[in-house]
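Colleague: I would like to learn how to read a few features of a protein model. Could we go through them one at a time?

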Amino acid sequence: MSFPMSAELAPEMQALMARMLSEDGAQPDPTLLPAAEGRRLAEQGNRRWNRNLPPMLTATHVRVPAQPELGTPDFSMRVLVPEQARPGAILFVHGGGFAFCSPATHERCGRVLAEASGLPVLLPDYRLAPEAPYPAGLADTVAALRTAFAVSAEAGVEPGPLILAGDSAGANLALAAMLHEQRLGQAAATAALLFYGVYDADFDSPSYRFFAEGPGLTRGKMQRYWDFYNTDPGRRSDALACPLAATDDELAALPPLHLMAAGVDPLLSDTLALETRLAALGRGERTTVVPGVVHGFLQMTNELPQAREALVAAAAFTRRFS
């Protein structure tokens, strides 16, 4: 699929970005700060998107136990159960460049998706780079995938279809987790929701060139995020780091995927390249490109109708697997 690239913002997106600049002023680049300080800024900046939370039947935390075979520690997972929840769940891996954000930054996004889909949403609090570089976040995602129903049963989640989801770096981890389990012959997810994902480290792709300076995410930021996550360029050739390096057989064996991308985003070409690979294998996935919005727009459901519409469309996809 080709998509005409344009830096023109939708009126709603333009107004929202102008308001943010007016309220906050120019903000430092968090990737140029010590990791802890960058993380603090990311949490602070995302608070505005996590107001007016849709009510849930229950919203609690459970523990994913340590798994020695994966080398993972015990960690927390947020569980959001909507009213009249259906059996099954969405395991949502948050984005943030492998280094920033948390279940708290993605709480409203998760609640909107839970409400629209009728499925509980599970948000694992996986380890972050650069303190815990590749493959730590991937291993934690696999641990959450393997234990999703066992650990969330106490929160009222019933076994059923398991939809793996993620945005940005979280989409990378979600896709890589499915490839990881395929290689081991393990059962993977029923399907996946992949939102404006990081699937390659090719900083010379058409969208990286076109949107090198943003608005929003830039090529320089993504290069630094990759350096946080995977400092060895040689290890980026593994599909578990860069899923676009997967073989045709590996991609053909994936469960059904819902692909969505932002129209004003250096990562747009990553999703379009993944779609092209899948189409060549005879698969039916097509990318929904939301025009005029920047990377990370799904966080903005309080303010941005395009964000709400995109999550409703993703929720509709999950109902195919009830």
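Modeller: Start with burial. This is a predicted model. C101 has a relative accessible area of 12%, and buried means under 20%, so C101 counts as buried.

Colleague: Is C242 buried or exposed?

Modeller: C242 is buried, because its relative accessibility is 2%.

Colleague: Next, disulfides. How many does the structure hold?

Modeller: A disulfide needs a pair of cysteine sulfur atoms within 2.5 Å. The structure has zero of them.

Colleague: Why does C101 not form a bond with C109?

Modeller: The closest cysteine sulfur to that of C101 belongs to C109, and it is 11 Å away, so the two are too far apart for a bond.

Colleague: Which residues are in contact with H94, leaving aside its neighbours within four places in sequence?

Modeller: C101 is one of them, and the others are F100, S102, P103, H106, P124, Y126, L128, D167 and G170. H94 itself sits in the loop between β3 (89-93) and α3 (107-117). H94 has 0% relative accessibility, which is why it counts as buried.

Colleague: How far apart are H94 and T105 in sequence and in space?

Modeller: They are 11 residues apart in sequence, and their C-alpha atoms are 8.4 Å apart in space.

Colleague: Now for empty space. How do I read a cavity?

Modeller: A cavity is space where a probe fits but cannot get out. Here the count is one cavity of 30 Å³ or more, and the volume of the largest cavity is about 30 Å³.

Colleague: Which residues line the largest cavity?

Modeller: Y126 and L128, both in contact with H94, belong to the lining of the largest cavity. The rest of that lining is F98, R127, A129, A132, G137, L173 and Y229. Sorted by class, the lining has seven nonpolar residues, one polar and one charged.

Colleague: And what is the volume of the largest pocket?

Modeller: A pocket, unlike a cavity, is an open set of points. The largest pocket holds about 1,200 Å³ of space. Its lining has 36 residues, and M20, P30, N46, G216 and K221 are the ones nearest its centre.

Colleague: Which helix gives the most to the lining of the largest pocket?

Modeller: That is α2, with five residues. At least two lining residues come from each of α1 (11-24), α2 (35-46) and α7 (219-229).

Colleague: What classes of residue make up the lining of the largest pocket?

Modeller: There are 17 nonpolar, 14 polar and five charged residues in it.

Methods:
Residues are numbered from 1 along each chain as its sequence is written. This is a predicted model: local features need pLDDT of at least 70, side-chain atom pairs count only at pLDDT 80 or more; totals for chains, interfaces and linings use all residues. Side-chain values use heavy atoms; hydrogens and water are left out. Helices (H or I, at least four residues) and strands (E, at least two) are DSSP runs, numbered from the N terminus. Buried means under 20% relative accessible area, exposed over 50%, partly exposed in between (1.4 Å probe, protein chains only). Contact means heavy atoms within 4.5 Å. On a 1 Å grid over the protein atoms alone, a cavity is a set of points where a 1.4 Å probe fits but cannot get out, and a pocket is an open set with protein on both sides within 12 Å along at least five of seven lines; lining residues have an atom within 4 Å of a point. Grid points are joined across faces, edges and corners, and a volume is the space filled by probe spheres set on the points. Ala, Val, Leu, Ile, Met, Phe, Trp, Tyr, Cys and Pro count as nonpolar, Asp, Glu, Lys and Arg as charged, and the others, Gly among them, as polar.
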